[in-house]
Amino acid sequence: MNNKPTSSNSQTDWQRLDAMSDEDIDLSDSPEITPEMFAKAVVRRGLPATKAKAQVTLRVDSDVLEWFKSQGRGYQTQINQLLRAYMEAHQ
């Protein structure tokens, strides 16, 4: 672990940012969120679970599990969300 103190000096050019207009911001790498997409959005983090969960033992390929774990905390929730999306798409 690195015990060096981190700098409290910002390297951000705040004057340049303050001078920018909305048109100056490059959004080419992030798609525009449509009203339809926003209407379907659901915030779940931090809220109590809406449905009862069942604990199961599931066999998955080790590389698949490691990839999900590498995504960080909440990987089991991500797996559940993907399975739910698949289920809803195939009903």
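Is Arg84 buried, partly exposed or exposed, and what is its relative accessible area? Arg84 is partly exposed, with a relative accessible area of 29%, and the points below start from this residue in what is a predicted model.

1. The salt bridge in helix 4. Arg84 forms a salt bridge with Glu88, and the closest N and O atoms of the pair are 3.8 Å apart, which falls inside the limit of 4 Å used to recognise such a contact. The count for the model comes to one salt bridge. Because Arg84 and Glu88 are four residues apart in helix 4, they are separated by about one helical turn. Glu88 counts as partly exposed at 47% relative accessibility, and Arg84 falls in that class with its 29%, since partly exposed covers the range between under 20%, which is buried, and over 50%, which is exposed.

2. The largest pocket and its lining. About 1,500 Å³ of space lies in the largest pocket. Its lining is made up of 34 residues, of which Lys53, Gln76, Thr77, Asn80 and Gln81 are the closest to the centre. Helix 4, which spans 75-89, supplies the largest share of this lining, with 12 residues, while helix 3 and helix 4 each give at least two residues to it. Sorted by class, the lining holds 18 nonpolar residues, together with eight polar and eight charged ones.

3. Arg45 and its distance to Thr77. Arg45 is found in the loop between helix 2 and helix 3, and a reader looking for this residue will find it exposed, with a relative accessible area of 72%. Although Arg45 and Thr77 are 32 residues apart along the chain, their C-alpha atoms are separated by 9.7 Å. Thr77 is also one of the residues closest to the centre of the largest pocket.

4. Arg44 in the loop. Arg44 likewise lies in the loop between helix 2 and helix 3, but Arg44 is partly exposed, with a relative accessible area of 45%, whereas Arg45 is exposed at 72%. From Arg44 to Arg59 there are 15 residues in sequence, and the two are 26 Å apart in space, taken from C-alpha to C-alpha.

5. Leu58 and the nonpolar patch. Where does Leu58 sit with respect to the helices? Leu58 is found in the loop between helix 2 (35-40) and helix 3 (62-70), and Leu58 is exposed, with a relative accessible area of 58%. Together with Val56, Val60 and Val64, Leu58 makes a nonpolar surface patch of about 370 Å². Residues enter such a patch when their relative accessible area is over 30%, so Leu58, at 58%, meets that part of the rule. As for its place relative to another part of the chain, Leu58 and Ile33 are 25 residues apart in sequence and 35 Å apart in space, C-alpha to C-alpha.

Notes. Residues are numbered from 1 along each chain as its sequence is written. This is a predicted model: local features need pLDDT of at least 70, side-chain atom pairs count only at pLDDT 80 or more; totals for chains, interfaces and linings use all residues. Side-chain values use heavy atoms; hydrogens and water are left out. Patches are made of residues with over 30% relative accessible area and no salt bridge: like charges are joined within 9 Å, nonpolar side chains (Val, Leu, Ile, Met, Phe, Trp, Tyr) within 5 Å. Accessible areas come from the Shrake-Rupley method with a 1.4 Å probe; for residues, only the protein chains shown count as cover. A salt bridge is a side-chain nitrogen of Lys or Arg within 4 Å of a carboxyl oxygen of Asp or Glu. Buried means under 20% relative accessible area, exposed over 50%, partly exposed in between (1.4 Å probe, protein chains only). On a 1 Å grid over the protein atoms alone, a cavity is a set of points where a 1.4 Å probe fits but cannot get out, and a pocket is an open set with protein on both sides within 12 Å along at least five of seven lines; lining residues have an atom within 4 Å of a point. Grid points are joined across faces, edges and corners, and a volume is the space filled by probe spheres set on the points. Ala, Val, Leu, Ile, Met, Phe, Trp, Tyr, Cys and Pro count as nonpolar, Asp, Glu, Lys and Arg as charged, and the others, Gly among them, as polar.
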